[in-house]
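Dear colleague,

Please find below the structure that I am handing over to you. I should be grateful if you would read the notes beneath it with the model open.

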Amino acid sequence: MQNHKMVVVEADGNYVQPFAVEDMDIYSGESYSVLLTTDQDPSQNYWVSISVRGRKPQTPQGLTILHYLHHPKTSLIPTRPPPVAPLWNNYTHSKLFTTKILALMGTPQPPTTTHRRIALLNTQNYIDGYTKWAINNLSLVLPSTPYLGALKYRINNAFDGEKLPENFPMDYNVMNPATNQNSSYGSGVYMLDFNTTVDVILQNANALAENTSEIHPWHLHGHDFWVLGYGEGRFSDQKENNFNLRNPPFRNTAVIFPYGWTALRFVADNPGAWAFHCHIEPHLHMGMGVVFAEGVHLVGKVPHEALTCGLTGKMFMGGNGKP
């Protein structure tokens, strides 16, 4: 934003410690509130520019104009050229912004210990010759039967029932393309004990092409989580010593940077079945996601209209509409 700084005060609906920036990264699924002081020459207009982050741009940067009210004689087009955004792959700049985001005093504090840790390796793979994304070598395919209905009414064979992997091979090299680039489809669920604390380690890796790793913004439905830290390369247990338990941001979307990891913590205290996925929509449809479920027995009546697909649809479409 030309000649103006923005003071970031909120991220994903939670207050953060205010900090001033000239530009900011906003990934799909994220939201921010900023404060802007109109203290510049009111006889001028000012450019606001928007550019692509994390992907090589195929279009020019977007532009709009900041205009101070009650100055009708102002020239419509600003007299100076628009600000140039940081390079799309300047990840050092992106990380500097992201790591400035800290919780404001009064934000809920994370539990100091966890009951369970799930490490999710994010890879690009082939299935039947098609390019897919996979988590721990399983590419998510959503079943026709809604997860919540299948779990609540204990319907067998509505989705994969095998226990899902909670880690990935110790010898996996995240810096190189996978030795075995094939994957499999999956529709299973991570079943979480209700009201327990869960850590999730998002681990990024090299994609199919050499020297290629992308930014992915991950969004969790039904919860906020604490972002405990970011790191380079492969996560190890020793990295836990650097987790921020004092003022981690409380969010619902977090980014993993190329060849890096992001550590999250949340409390499984919202009964239901919840998607956790990359918020770049094509990536979700290509399999980059998982499903968590907790406390389904505590869920009240589910509207029949929400269960009219798959096996639950067959249950409610016959007879008196009761399972």
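The notes below cover the pockets and then one sheet.

This is a predicted model, in which local features need pLDDT of at least 70 and side-chain atom pairs count only at pLDDT 80 or more, while totals for chains, interfaces and linings use all residues. Residues are numbered from 1 along each chain as its sequence is written, and side-chain values use heavy atoms, without hydrogens and water.

A pocket here is an open set of points on a 1 Å grid over the protein atoms alone, where a 1.4 Å probe fits, with protein on both sides within 12 Å along at least five of seven lines; lining residues have an atom within 4 Å of a point. The largest pocket has a volume (the space filled by probe spheres set on the points) of about 710 Å³. Its lining comprises 26 residues, and Asp23, Met24, Ser49, Ile50 and Ser51 lie nearest its centre. Domain 1 (6–99) and domain 2 (116–314) both contribute to this lining, so the largest pocket lies between them; the domain bounds come from an automatic or database assignment.

The second largest pocket has a volume of about 270 Å³. Of its 17 lining residues, Leu121, Pro169, Tyr172, Ala178 and Asn180 are the closest to its centre.

Five strands (DSSP runs of E, at least two residues) form an open sheet in the order 10-18-17-12-15, with mixed pairing (at least two DSSP bridges between two strands). Its edge strands are strand 10 (190–192) and strand 15 (253–256). Strand 12 (residues 216–220) runs antiparallel to strand 15, joined by four bridges, and Pro217 stands opposite Val255.

Yours sincerely
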